Amino acid sequence: MRLSRAAFLLLLPVLGMILSLGTGVFALIEQSFVGADGLSLKAFQAFVSRREAMSVFLYTHQMALLVSAICVVVSFPLAVFLVRKQNQAYVLLIMMPLLVSIVVRTYGWMVILGPRGLINAALMGAGITTAPIRLMFNTTGVVIGLVHIYIPFATLSILTVYSKIDRSLVDGAAALGAGPWRVFSRIILPLAMPGVIAAASIVYLLTIGAVVTPLLLGSIQQMMLGSMIYDQMLVTFDFPSAGSAAIILTLSAALAILPLQLADRWVTRKLPAERS
Amino acid sequence: MRGFELSRRRFAGLAATSALAMPYVSTTALGAASGEIIMANFGGGPAASFRNAYGLPFQEETGIKFRVIEVPSTETALISSASAPQYNSSYHSFAGAMRLYKMGITEAIAIDDYPELADIPEKFLPKIDDKHLVGLPVHFGFYGMCYNRDFAKAEELKSWNALISPKFKQRVSATRPTFASLYDVPWYSYMLTGDQKKLDAGIAQYRKVIANSVTAYTSMAQNNQLLERGEAVASAYYASTVWTKKREGINNVDVLIPEEGALMLPYVLVIPKNCPWPEAARKFLAYASTPAPAERALEGTGSLPFNTKAKVDDAMIKARFNYTLPDLVKQLYSPDWAFVEATRLDLIKRLEAEVLMPQ
């Protein structure tokens, strides 16, 4: 295929962007593999041998799993509601938080969940508790913050697929005597599964790289790998450690969502021809 | 093709545009001739303070244009631009400046080039050798016991051990290992053993403070909020934030120096190697070493001058910090920052191993 001069010129910005991004990533990979004596895996060995680094790594994946599961469970009924209502205003309402920076939204949660925040003030004011309940600076706070941030992504993914489900299939099943649960489990859920899988994959990957929310709503034991990489890059300038941690995180995230991708292919193959 | 016609209307337009552009053209030409100061500094208070107390008066006096670029970390700014320096002046902690010099990013400051350094006590000069410094010391702050007056009394915080007291369980805040390695641990080590190099004692104390903390704060904005709202009632923290808050009329956060003393936080200006207009940068540092800018900076952020000839308003210092300058200096400990810098990376890893694991 030959490119015309105009097409080539139009491609230039894209190539420039790929090149500038690629150079940074390549430099980071190079730094993590090159030691004082040439090629070396020392940075990777050091990461794996540090108990606290492995603990942070495992915690990051546990959080990604938990946040993805909660987001899917919350987003599914939300997507169903949005499709049934057929009102763009509701969709806008779900999308609106995306217009506000993550830092601002997280600070908002700090005001609500803090020891002297709105919830604790209400609980203590009503005499339900005598001391503040710990709603943040722990895993609960981080999960609440991350779920709130990622729900729009999950909802959109499910909504896109759910809105294309042929209503006649649902009506037909109901007419043939299937109860609501049977309709949901045998018709709606399988047909919406590609959206569910996409939502889970997106939220998993976003959570893996979360930095701000775990920093502000968690405490030191809730450190996630993204925050650790941030410190290594920008505070201690330990580029080999940051590079090796980033590579391990990327590869492990790819491995973690692989089953989801395989499930997606399997589900797509099983779906009626017009959907696959 | 029509030729260019200079109508009366067009001429008036051009003249007006030229007149409007004159100030810009003249300052740009001035900058090109005598250079420019492009300073990297932390956003918010420090940047504004430097602009008003140092930069603009310097620009007025010398005609050399002054610009301050606000960055989240001045060290990162210099390291990331090391191959093509963009700044010719930058503001750092002593340990940070030592690190940059060791990395070959900044130039040595020749003591003989700055006669005003004779007015700074020698123990506060961050020396490379007898004739050179890693940076030019400008002023200092301190790491005191900051607390919320609505939820804790000064008498309850007489000792740093209050931060590990069960009375304040989950009611204090602490910094993270990256900054504890610079401040908390060297201070606790010295406080408990009389020797900053006995780090085990400092690490153990820091671990206890973390265990007693509601959270380990990640930014000054976060800890300011925690202290102001009383979610953390006390914290080992930068006294300058109390100064700034009181200046803004917020009086529920205060600072005290416990009976064991507190840590001095000295700051320097550095010149990056191969920077643009190095001569202008040296002129700026010479100006910064004089008493006048440090006197002005005190009012803005509570930065205490190193220059002993600087005239300070002791009543104002007492009102904002609760101590006079001589009282403060007497109670502050200035560690061997070269040792702090040399051991920092290993110390961060040790601290992370101690506190990152779930309890």
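Student: Why is B:Arg320 called buried?
Tutor: In this predicted model, B:Arg320 has a relative accessible area of 15%. Buried means under 20%, so the value of 15% places B:Arg320 in that class.

Student: Which residues of helix H12 of chain B are buried along with B:Arg320?
Tutor: Helix H12 spans residues 314-321 of chain B, and B:Met316, B:Ile317 and B:Phe321 are buried there together with B:Arg320.

Student: What makes one speak of one face of H12(B)?
Tutor: The buried residues fall within an arc of 105° when seen down the axis of H12(B), so they line one face of the helix. An α-helix has 3.6 residues a turn, so residues three or four places apart point the same way. On the other side of H12(B), B:Ala315 and B:Ala319 are exposed.

Student: What covers the buried residues of H12(B)?
Tutor: The cover includes three helices of chain B, H9 (239-247), H11 (291-301) and H13 (325-331). Strands S7 (136-148), S11 (253-256) and S13 (304-305) of chain B are also included.

Student: Why is B:Asp313 said to cap the N-terminal end of H12(B)?
Tutor: A side-chain oxygen of B:Asp313 lies 3.2 Å from the backbone nitrogen of B:Ala315. A polar contact requires N or O atoms within 3.5 Å, and the distance of 3.2 Å meets that limit. After H12(B) comes B:Asn322, whose phi is positive, near 75°.

Student: Why are B:Arg320 and B:Glu299 called a salt bridge?
Tutor: Their side chains meet with N to O at 3.7 Å. The limit for a salt bridge is 4 Å, so the pair qualifies. B:Arg320 lies in helix H12 and B:Glu299 in helix H11 of chain B, so the pair ties together parts that are 21 residues apart in sequence.

Student: Which salt bridge joins B:Glu299 to B:Arg247, and what is its N to O distance?
Tutor: The side chains of B:Glu299 and B:Arg247 meet at 3.1 Å, N to O. This pair links distant parts of the chain: B:Glu299 belongs to helix H11 and B:Arg247 to helix H9 of chain B, 52 residues apart.

Student: Why is B:Glu299 assigned its accessibility class, and why B:Arg247?
Tutor: The relative accessible area of B:Glu299 is 30%, and that of B:Arg247 is 45%. Partly exposed is the class between 20% and 50%, so B:Glu299 is partly exposed, and B:Arg247 is partly exposed as well.

Student: Which class does B:Ser181 fall into, and why?
Tutor: B:Ser181 has 1% relative accessibility and therefore counts as buried, the limit being under 20%. B:Ser181 is found in the loop between helix H5 (177-180) and helix H6 (184-193) of chain B.

Student: What makes B:Ser181 and B:Arg344 a polar contact?
Tutor: The side chains of B:Ser181 and B:Arg344 are joined at 3.1 Å, against a limit of 3.5 Å. Beyond four places in sequence, B:Ser181 touches B:Arg344 and also residues including B:Pro186, B:Val340 and B:Leu351.

Student: Why does the salt bridge of B:Glu352 with A:Arg50 join two chains?
Tutor: B:Glu352 lies in helix H14 (residues 337-355) of chain B and A:Arg50 in the loop between helix H2 (42-49) and H3 of chain A, so the pair joins two chains. The closest N and O atoms of B:Glu352 and A:Arg50 are 2.7 Å apart, within the 4 Å limit for a salt bridge. Both B:Glu352 and A:Arg50 are buried. A:Glu52 is linked with A:Arg50 and B:Glu352 in a network of salt bridges.

Student: How many salt bridges are counted between chain A and chain B?
Tutor: The count is two. A:Asp238 forms a salt bridge with B:Lys349, and the closest N and O atoms are 3.4 Å apart, again within 4 Å. There are also 15 residue pairs in polar contact between chain A and chain B.

Student: What area is buried between chain A and chain B, and which residues of chain A supply the most?
Tutor: About 2900 Å² is buried between the chains, and carbon and sulfur atoms give 58% of that area. A:Arg116, A:Ile220 and A:Phe237 supply 24% of the area that chain A buries against chain B, more than any other three residues. In terms of contacts, 29 residues of chain A meet 36 residues of chain B.

Definitions and conventions
Residues are numbered from 1 along each chain as its sequence is written. Chains are lettered from A and ligands numbered from 1 in the order in which they are written. This is a predicted model: local features need pLDDT of at least 70, side-chain atom pairs count only at pLDDT 80 or more; totals for chains, interfaces and linings use all residues. Side-chain values use heavy atoms; hydrogens and water are left out. Helices (H or I, at least four residues) and strands (E, at least two) are DSSP runs, numbered from the N terminus. Buried means under 20% relative accessible area, exposed over 50%, partly exposed in between (1.4 Å probe, protein chains only). A polar contact is a pair of N or O atoms within 3.5 Å; within protein, one must be able to donate a hydrogen and the other to accept it, and residues adjacent in sequence count only if both atoms are side-chain atoms. Contact means heavy atoms within 4.5 Å. Buried area is the accessible area (1.4 Å probe) that two parts lose on being put together, summed over both. The arc is that of the directions from the helix axis to the C-beta atoms.
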